[in-house]
Amino acid sequence: MDGSSLKAAQLLEQMRLHLATDAGKELTKKVGLVYQLNIAPKKLGVDEEIYVVDLKKGEVTKGPYQGKPDATFSFTDNDFLGIATGKTNPQMAFIRGAIKIKGSISAAQKFTPDIFPKPAKL
């Protein structure tokens, strides 16, 4: 995850380490979905960095998913952090256009602050 200017990269690195723990393994059993995150520094769709949070295998990788993810999110770095830390309501962010979602809406609804390690401090 090195070489990224995104604040989200630090949080995703914490998540990668968290998924290797027993609590992380429980999460993969519970959620069992694959999310692709397209995270832009400032403006949606511009200079995006792509990450995959694979809660089937229990890993976080940089680069597009090989295959079809259950849900793909596009958001800015700050909006992603707000959602991941529980400061931003994901539904409200979606309504105001801060998040774009492709794929399964039911899978997208499982993408909550609960899947991120605690404490998620940056």
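Visitor: Before we start, what counts as a contact here?
Guide: Two residues are in contact when their heavy atoms come close enough together. This model is predicted. The cut-off for contact is within 4.5 Å.

Visitor: Which residues does Phe 80 contact, leaving aside its neighbours within four places in sequence?
Guide: Start with the partners that precede Phe 80 in number: Ala 8, Leu 11, Leu 12, Leu 37, Ile 39 and Phe 75 are among them. The list is completed by Phe 111 and Phe 116.

Visitor: Which residues have the most contacts inside the largest nonpolar core?
Guide: That core has 32 residues. Phe 80 is one of those with the most contacts inside it. The full set is Tyr 35, Leu 37 and Phe 80.

Visitor: Which element supplies the largest share of this core?
Guide: Several elements each supply at least two residues, including strand 1 (34-40), strand 2 (49-54) and helix 3 (77-84). The largest share is 6 residues. Those come from helix 1.

Visitor: Strand 2 is in that list. How many of its residues are buried?
Guide: Strand 2 is mostly covered. It has 6 residues. The buried ones number 5.

Visitor: In what sense does strand 2 pair with strand 1 and with strand 3?
Guide: With strand 1, strand 2 makes 6 bridges, in the antiparallel sense. One pair there is Asn 38 and Ile 50. With strand 3 (residues 59-62), there are 4 bridges, and Asp 54 stands opposite Glu 59. Here too the sense is antiparallel.

Visitor: Which residue in the turn between strand 2 and strand 3 has a positive phi?
Guide: The two strands form a hairpin with 4 residues between them. The phi in question is about 80°. It belongs to Gly 58.

Visitor: Is Gly 63 buried or exposed?
Guide: Gly 63 lies in the loop between strand 3 and strand 4. It touches Ile 50, Tyr 51 and Val 52, not counting residues up to four places away in sequence. Its relative accessibility is 17%, and buried means under 20%. So Gly 63 counts as buried.

Visitor: How far apart in space are Gly 63 and Val 52, C-alpha to C-alpha?
Guide: In sequence, Gly 63 and Val 52 are 11 residues apart. In space, C-alpha to C-alpha, the distance is 6.9 Å.

Visitor: And Ile 95: is it buried or exposed?
Guide: Ile 95 is found in helix 4 (residues 90-95). With Met 92 and Phe 94, Ile 95 makes a nonpolar surface patch of about 330 Å². Its relative accessibility is 64%, and the cut-off is over 50%. Therefore Ile 95 counts as exposed.

Notes. Residues numbered from 1 in each chain as written. Predicted model: local features only at pLDDT ≥ 70, side-chain atom pairs only at ≥ 80, totals over all residues. Heavy atoms only, no water. Core = buried A, V, L, I, M, F, W, Y, C linked by side-chain atoms within 4.5 Å. Buried < 20%, exposed > 50% of the residue type's maximum accessible area, 1.4 Å probe, protein only. Pairing = 2+ DSSP bridges. Patch = residues over 30% accessible without salt bridge, like charges linked within 9 Å, V, L, I, M, F, W, Y side chains within 5 Å. Areas by Shrake-Rupley, 256 points an atom, 1.4 Å probe, with all protein chains shown as cover. Salt bridge = Lys/Arg side-chain N within 4 Å of Asp/Glu carboxyl O.
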